[in-house]
Amino acid sequence: MVPFTFGMTTTQVFKTLDDRVDAVYADKISAASSQPKLEARLDKEKESKKKALRDKLSTFVAGKGVSGYEMVTPGEFTYSNGESVLEVGRDGGGTRCLFFMHDRLYKIYDVVALEKKDGELGETWDAAVAKLEASLGEKGKRYEPKATLASYY
């Protein structure tokens, strides 16, 4: 979950993400200090990445069409109740969806591909469940799926 905490506003989340982008570009820009054109290009690229993050914030509003999150995070959100989502990259690969209710972070949903046997969660659903149950210990609790659709597993 780090560096995010529940209850953060979108402004706080964007500040955290901006700091991460700044850290990535700090050394690059510093190394280019003797080349003003390169330094300006890197600075512009950095600001473009920050803007791209802001453009990924989606609000679930009924009547505006399908958001696309029905496939990414099926059954995890509702429309027209002040809910929004911000999609960011995960450090370990995959996608992290930060859900906000009335501008407060209340849920984090990670989308991780099950593709490699030695990957973060393994190659199969059963391997992923076994790894998560082992790491969570008694804190983990398995719930039956909401429906028999594959997207809910």
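The lining of the second largest pocket is made up of 10 nonpolar residues, three polar ones and seven charged ones. The model in which this pocket appears is a predicted one, and the pocket has a volume of about 340 Å³. Of the 20 residues that line the second largest pocket, those closest to its centre are Leu17, Arg20, Leu53, Val88 and Gly89. The elements that contribute two or more residues to this lining are α1, α2 (36–55), β2 and β3, and the largest share, five residues, is given by α1. Such a space can be found at all because rolling a probe the size of a water molecule over the atoms shows where empty space is left.

To place these elements, it helps to step back to the whole chain. The protein has four helices and four strands, and from the N terminus on they follow the order α-α-β-α-β-β-β-α. Of the 153 residues in the protein, 25% are buried. Among the contacts in the protein with a separation of 6 or more, 41% are accounted for by residues 24 or more positions apart.

The strands β2, β3 and β4 can be followed through their pairings. Strand β2 (residues 83–89) pairs with β3 in the antiparallel sense over seven bridges, and β3 pairs with strand β4 (residues 104–111), again in the antiparallel sense and over seven bridges. Cys97 is a useful residue for reading across these pairings, since on one side Glu87 stands opposite Cys97 in β3, while on the other Cys97 stands opposite Tyr109 in β4. What is the surrounding of strand β3 (residues 95–101), enclosed or open? Five of the seven residues of β3 are buried, so this strand is largely enclosed by the rest of the structure.

The connections between these strands deserve a look of their own. The hairpin of β2 and β3 has five residues between the strands, and Gly93 in this hairpin takes a positive phi near 100 degrees. The hairpin formed by β3 and β4 has two residues between its strands, and His102 in the turn has a positive phi of about 50 degrees, although His102 is not a glycine. Asp103, which lies in the loop between β3 and β4, also has a positive phi, near 65 degrees, in a residue other than glycine. As to accessibility, His102 counts as exposed because its relative accessibility is 58%, which is over the 50% cut-off. Asp103, with a relative accessible area of 33%, is partly exposed, because this value falls between the 20% and 50% limits.

From Asp103 the reader can turn to the segment before α1 (10–31), where Thr9 lies. Leaving aside its neighbours within four places in sequence, Thr9 is in contact with Phe100, Asp103 and Arg104. Thr9 itself is buried, because its relative accessible area of 14% is under 20%.

Further along, Val13 lies in helix α1, and it is likewise buried, because its relative accessible area is 0%, again under the 20% limit. When residues up to four places away in sequence are not counted, Val13 touches Phe4, Met8, Leu86, Leu98 and Phe100. One of these partners, Leu86, is 73 residues from Val13 in sequence, yet the two are 9.4 Å apart in space, C-alpha to C-alpha. Phe100 is thus touched both by Thr9 and by Val13.

One last feature of β3 concerns its aromatic side chains. The structure holds one aromatic pair, in which Phe60 and Phe99 are stacked, with 6.4 Å from centre to centre and 25 degrees between the planes. The pair links distant parts of the chain, since Phe60 is in the loop between β1 (57–59) and α3 (69–72) whereas Phe99 is in strand β3, 39 residues apart. Both Phe60 and Phe99 are buried.

Definitions and conventions. Residues are numbered from 1 along each chain as its sequence is written. This is a predicted model: local features need pLDDT of at least 70, side-chain atom pairs count only at pLDDT 80 or more; totals for chains, interfaces and linings use all residues. Side-chain values use heavy atoms; hydrogens and water are left out. Buried means under 20% relative accessible area, exposed over 50%, partly exposed in between (1.4 Å probe, protein chains only). Contact means heavy atoms within 4.5 Å. Two strands pair if DSSP finds at least two bridges between them. On a 1 Å grid over the protein atoms alone, a cavity is a set of points where a 1.4 Å probe fits but cannot get out, and a pocket is an open set with protein on both sides within 12 Å along at least five of seven lines; lining residues have an atom within 4 Å of a point. Grid points are joined across faces, edges and corners, and a volume is the space filled by probe spheres set on the points. Ala, Val, Leu, Ile, Met, Phe, Trp, Tyr, Cys and Pro count as nonpolar, Asp, Glu, Lys and Arg as charged, and the others, Gly among them, as polar. Rings of Phe, Tyr and Trp (its six-membered ring) pair if their centres lie within 6.5 Å; planes under 30 degrees apart count as stacked, over 60 as edge-to-face and the rest as tilted.
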